Amino acid sequence: ASFLLANKKRLTFYPTLRYGFANQKLSYKLGIRYNLGARSRGTFEGSRSYIEFIAGDYIQFFGIIEQIEPALNTYYTLFEELNFLRLYQKKFFTLNFQHEISNGLNARFSLNYEYRTSMPNRTSQTWFPKPNREYKPNIEIPTHQALITDFYFTYQPANRYITTPDGKLNIGSQWPTFFLLYRKGWNTHLLGNTAFSSFDLLEIGTRYRISLKMLGKTRMSASLGKFFSTQEIYFPDYYHFKGNQTALRNPTLLEQFSILSYYFNSTAQTFLQSHIEHNFGGFLFNKIPGIRNLKLQEIVGLHYAYTIEKGNYAEICAGIGNLFRVFQLDFHFRLLGDSFTPMAFTIGTLIATQ
């Protein structure tokens, strides 16, 4: 439910309920968001100022980025006897505050408390059993607590915008967007004797989109991170690269690996990743009679990661976009490192959202 208040401010409530038939447990969370200013639109990330509070007793995937959607995992469990989803239970509250300090400079502060427990698999049901294949167990974690603060800043120099009666419309700039994240897990016993996750993480990076006119468009990103003071850190607070072990992929998401095993490169030490993809926009296909009318797009990419534990990992990809106006077909090949397969094809929809 959403309510429009005075001066175009808005108050939004969003409850979520989930019932597990196997464990007969009701999970829930309730979020409340109060927008501090007029509605803000545009392509620039983080341009809205708000205060948000979320609390509940709910399930959580490991890390910040969801590795696989539950609906897709359900298909693989029932039809392929493969269970990729990894979850834990948390009782939590989160306070978020985001504000645009000045044009192009945004800041977000988060305070998050979690009481975490393991979630063992409750079923091994599958409709089509496969020989020599069985469900893998969930990732077990010891019962513990986490009190975490985040300070996240993004800055895009020379960011342009248009002021409208509805608010501020950001139209970007020719410069990259730079970001800095400082995350700290606090070791405290004020909330009981159960152990707390204790660590410091600093990550810096950049994201950039550039048009090469007739040669198409390039998008790229890179980030470098390091954990400090990992006195007692647990798996939910590791850095988890986004992997993929399915035939489906979200082409709109740049910062992902398409044939990297889930959680294989997870780390609590130094990490580095970079991603670059170029869409030629039909520069080659448009020169082939009979093909140009299909409006196909040529896409190439390189994705790289480094961790101290696993070393170098790299993938290249080549694909055809705008198939039937909505699909993208990609071929991926592993150049360095280890994964569940050296090569694979994936398909995705271009109307997927990040």
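**Entry 1: a buried pair**

I began with two charged residues and found that arginine 116 and aspartate 237 are both buried. The model is a predicted one, and I read its side chains with that in mind. I then looked up how the two residues relate: their side chains form a salt bridge, with N to O at 2.9 Å. Arginine 116 sits in strand β7 (residues 105-118) and aspartate 237 in the loop between β13 (217-232) and β14 (271-279), so this bridge ties together parts 121 residues apart in sequence.

I asked which residues are linked with this pair in a network of salt bridges. I found Lys90 and Glu114 there, joined with Arg116 and Asp237.

**Entry 2: the loop between β13 and β14 again**

I looked up arginine 249 next and noted a salt bridge to aspartate 330, with the closest N and O atoms 3.1 Å apart. Arginine 249 lies in the loop between β13 and β14, while aspartate 330 belongs to strand β17 (residues 327-336); the two are 81 residues apart, and the pair links distant parts of the chain. I checked burial here as well: aspartate 330 and arginine 249 are both buried.

**Entry 3: a pair between two strands**

I turned to arginine 33 and glutamate 52, whose side chains meet in a salt bridge at 3.4 Å, N to O. I placed arginine 33 in strand β3 (residues 25-35) and glutamate 52 in strand β5 (residues 50-61), so the bridge connects parts 19 residues apart in sequence.

Is each partner buried or partly exposed? Arginine 33 counts as partly exposed because its relative accessibility is 23%, and the cut-off for buried is under 20%. Glutamate 52, with a relative accessible area of 7%, is buried.

**Entry 4: totals**

I counted salt bridges over the structure and got 12. For charge, I noted 37 positive and 24 negative side chains in the chain, the centres of the two sets being 8 Å apart.

I listed the secondary structure as 1 helix and 18 strands. The radius of gyration is 22 Å, close to the 20 Å that the globule rule gives for 354 residues, so I logged the chain as being as compact as a globular protein of that length. Along the principal axes I read a C-alpha span of about 70 × 65 × 40 Å.

I noted that 43% of the 354 residues are buried. The accessible surface is about 19200 Å², and carbon and sulfur atoms account for 62% of that surface. Last, I looked at contacts between residues at least 6 apart in sequence: 62% of these join residues at least 24 apart.

Key:
Residues numbered from 1 in each chain as written. Predicted model: local features only at pLDDT ≥ 70, side-chain atom pairs only at ≥ 80, totals over all residues. Heavy atoms only, no water. Salt bridge = Lys/Arg side-chain N within 4 Å of Asp/Glu carboxyl O. Helix = DSSP H or I, 4+ residues; strand = E, 2+ residues; numbered from the N terminus. Buried < 20%, exposed > 50% of the residue type's maximum accessible area, 1.4 Å probe, protein only. Rg over C-alpha atoms; globule rule 2.2 N^0.38 Å. Contact = heavy atoms within 4.5 Å. Areas by Shrake-Rupley, 256 points an atom, 1.4 Å probe, with all protein chains shown as cover. Lys, Arg positive; Asp, Glu negative; His and termini not counted. Charge placed at Lys NZ, Arg CZ, Asp CG, Glu CD.
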